[in-house]
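Please look at the sequence and the structure shown below, and keep both in view while reading the report that follows.

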Amino acid sequence: MTGLTRLKRHIEVCSPGIDRALKREKDFVRFTGHDVDVKFFAPHDGRKELCGKLASYDNGIVTVEEDNGTKTVFDVKDTAYIKLAVKF
């Protein structure tokens with residue numbers, strides 16, 4: 001192997017992870033029915049955080065259903081993030 005250099009290569013494969021943030025419409029459609037954690041920029045109905053099932057998404061309007069059956073509707077623009085919930 002004259003003139004050839006052996007190179008060591010390291011490849012790292014990444015995924016969005018189990019607590020991925022939902023950003024695009026197709027993310028919301030794909031994960032409808034899954035548990036999510038929501039954090040608002042400003043309090044919404046007196047709370048800055050919300051946990052529950054992603055019930056629906058329609059043109060930027062999100063509905064989350066909490067364990068007690070309460071449905072909260074809000075604009076995705078009002079959120080700092082909406083992430084898949086991690087439950088152990």
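Is R24 buried, partly exposed or exposed? With a relative accessible area of 48%, R24 is partly exposed, because buried means under 20% and exposed means over 50%. This value, like the others in the report, was computed from a predicted model.

**Salt bridges**

R24 is a good place to begin, since R24 forms a salt bridge with D27, in which the closest N and O atoms are 3.6 Å apart. The partner D27 has a relative accessibility of 5% and so counts as buried. In total, the structure holds 3 salt bridges, and they are listed here with their N to O distances.

| Salt bridge | N to O distance |
|---|---|
| R24 and D27 | 3.6 Å |
| D35 and K53 | 3.2 Å |
| E66 and R47 | 3.0 Å |

In the salt bridge between the side chains of D35 and K53, the pair links distant parts of the chain, for D35 belongs to strand β1 (residues 35-44) and K53 to strand β2, 18 residues apart. K53 counts as partly exposed, at 40% relative accessibility.

The salt bridge that E66 forms with R47 ties together parts that are 19 residues apart in sequence, because E66 lies in the loop between β3 and β4 while R47 lies in strand β2. E66 has a relative accessibility of 15% and therefore counts as buried, whereas R47, with a relative accessible area of 33%, is partly exposed.

**The sheet**

The strands named so far belong to an open sheet, in which 5 strands follow the order β4-β3-β2-β1-β5 with antiparallel pairing. The strands at the edges are β4 (71-75) and β5, each of which pairs on one side only, and from one strand to the next the twist averages 40 degrees. At one end of this order, strand β3 (residues 61-65) and β4 run antiparallel and are joined by 5 bridges; I61, for example, has D75 in β4 as its bridge partner.

**Residues of strands β2 and β5**

S56 is part of strand β2 (residues 47-58), and at 31% relative accessibility S56 counts as partly exposed. Not counting residues up to four places away in sequence, S56 touches I61, V62 and T63. Another position to look at is V29, which is 27 residues from S56 along the chain, while the C-alpha atoms of S56 and V29 are separated by 7.8 Å.

In the edge strand β5 (residues 79-84) we find T79, which is buried, with a relative accessible area of 8%. A polar atom of the side chain of T79 lies 2.7 Å from the backbone oxygen of V76. If neighbours within four places in sequence are left aside, T79 is in contact with V38, K39, F40, F41 and F74.

K83 also lies in strand β5, but K83 counts as partly exposed, at 29% relative accessibility. Again leaving aside neighbours within four places in sequence, the contacts of K83 are D19, R20, A21, D35, V36 and D37. Among these is D35, the residue whose side chain meets that of K53 in a salt bridge. Finally, K83 and K23 are 60 residues apart along the chain, and their C-alpha atoms are separated by 9.0 Å.

Technical notes:
Residues numbered from 1 in each chain as written. Predicted model: local features only at pLDDT ≥ 70, side-chain atom pairs only at ≥ 80, totals over all residues. Heavy atoms only, no water. Helix = DSSP H or I, 4+ residues; strand = E, 2+ residues; numbered from the N terminus. Buried < 20%, exposed > 50% of the residue type's maximum accessible area, 1.4 Å probe, protein only. Polar contact = N/O pair within 3.5 Å; in protein donor to acceptor, adjacent residues only side chain to side chain. Contact = heavy atoms within 4.5 Å. Pairing = 2+ DSSP bridges. Axes fitted to C-alpha atoms, helices over the stretch in contact; angles between N-to-C directions. Salt bridge = Lys/Arg side-chain N within 4 Å of Asp/Glu carboxyl O.
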